[in-house]
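Colleague: I should like to learn how to read a model of this kind. Could we take its features one at a time?

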Amino acid sequence: MAEQNLGLVAGTLEMLILKTLLLEPMHGYGIALRIEQTSKGVFKVNAGSLLPALGRLERQGVLKTEWKPTENNRRAKYYALTRAGKAKLEAEAREWERQISAIARILEA
């Protein structure tokens, strides 16, 4: 994975994609840009990491796709969450919070 400053913990990219798509459908470039902006430049996700992750999520049935024009009037594949995607995001976010709490307890000990 080619993030700029820090590597993502395994499995985190998919959770970030799902969270990014929670608000609205987006194309791949838009997803990568939103993750970079939201992380204030800490994570720069390249297409070589993003596209396989999007494909996995689509095969799992947590994303649906639709081809439509972009803001620049180019044709792009837009990704949107399915109900299963929202459920997966909720479950992964709960697990992530549980792990963060455990790590914080260890660091504070």
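The dialogue below treats confidence, the sheet and one helix in turn.

Colleague: Where in the chain does pLDDT stay under 50?

Modeller: First, please note that this is a predicted model. Where pLDDT is low, the predicted coordinates should not be read in detail. In this case, pLDDT stays under 50 over residues 1-6, although the model has 17 contacts beyond four places in sequence for that stretch. For the protein chain, the mean pLDDT is 91, and 91% of the residues reach 70 or more.

Colleague: In which elements is confidence lowest and highest?

Modeller: The lowest mean, 94, belongs to helix 3 (residues 47-59), and the highest, 97, to strand 3 (residues 75-81).

Colleague: In what order do the strands of the sheet lie?

Modeller: One reads the order from the pairing. Here 3 strands form an open sheet in the order 1-3-2, with antiparallel pairing. Strand 1 and strand 2 are the edge strands, since each pairs on one side only.

Colleague: How many bridges join each pair of strands?

Modeller: Strand 1 (residues 26-27) is joined to strand 3 by 2 bridges, and Met26 stands opposite Tyr79 of strand 3. Strand 2 (residues 63-69) pairs with strand 3 over 7 bridges; within strand 3, Ala76 is the bridge partner of Lys68. The hairpin of strand 2 and strand 3 has 5 residues between the strands, and Asn73 takes a positive phi there, near 65 degrees.

Colleague: Why is strand 3 described as largely enclosed?

Modeller: In a regular strand the side chains alternate between the two faces of the sheet. In strand 3, 5 of the 7 residues are buried, so the strand is largely enclosed by the rest of the structure.

Colleague: What span should the 13 residues of helix 3 have?

Modeller: The check compares an expected span with the model. At 1.5 Å a residue, helix 3 should span 18 Å, and its end C-alpha atoms are 18 Å apart, which agrees.

Colleague: Which residues of helix 3 are buried, and what covers them?

Modeller: Ser49, Leu50, Ala53, Leu54, Gly55 and Leu57 are buried. Their cover includes helix 1 (12-21), helix 2 (28-38) and helix 4 (83-108), together with strand 2 and strand 3.

Colleague: What is found at the start of helix 3, and what follows this helix?

Modeller: At the start, a side-chain oxygen of Asn46 comes to within 3.0 Å of the backbone nitrogen of Gly48. Helix 3 is followed by Gly61, which has a positive phi near 85 degrees.

Conventions:
Residues are numbered from 1 along each chain as its sequence is written. This is a predicted model: local features need pLDDT of at least 70, side-chain atom pairs count only at pLDDT 80 or more; totals for chains, interfaces and linings use all residues. Side-chain values use heavy atoms; hydrogens and water are left out. pLDDT is the predictor's confidence in each residue, from 0 to 100. Helices (H or I, at least four residues) and strands (E, at least two) are DSSP runs, numbered from the N terminus. Contact means heavy atoms within 4.5 Å. Buried means under 20% relative accessible area, exposed over 50%, partly exposed in between (1.4 Å probe, protein chains only). Two strands pair if DSSP finds at least two bridges between them. The expected span of a helix is 1.5 Å times one less than its number of residues. A polar contact is a pair of N or O atoms within 3.5 Å; within protein, one must be able to donate a hydrogen and the other to accept it, and residues adjacent in sequence count only if both atoms are side-chain atoms.
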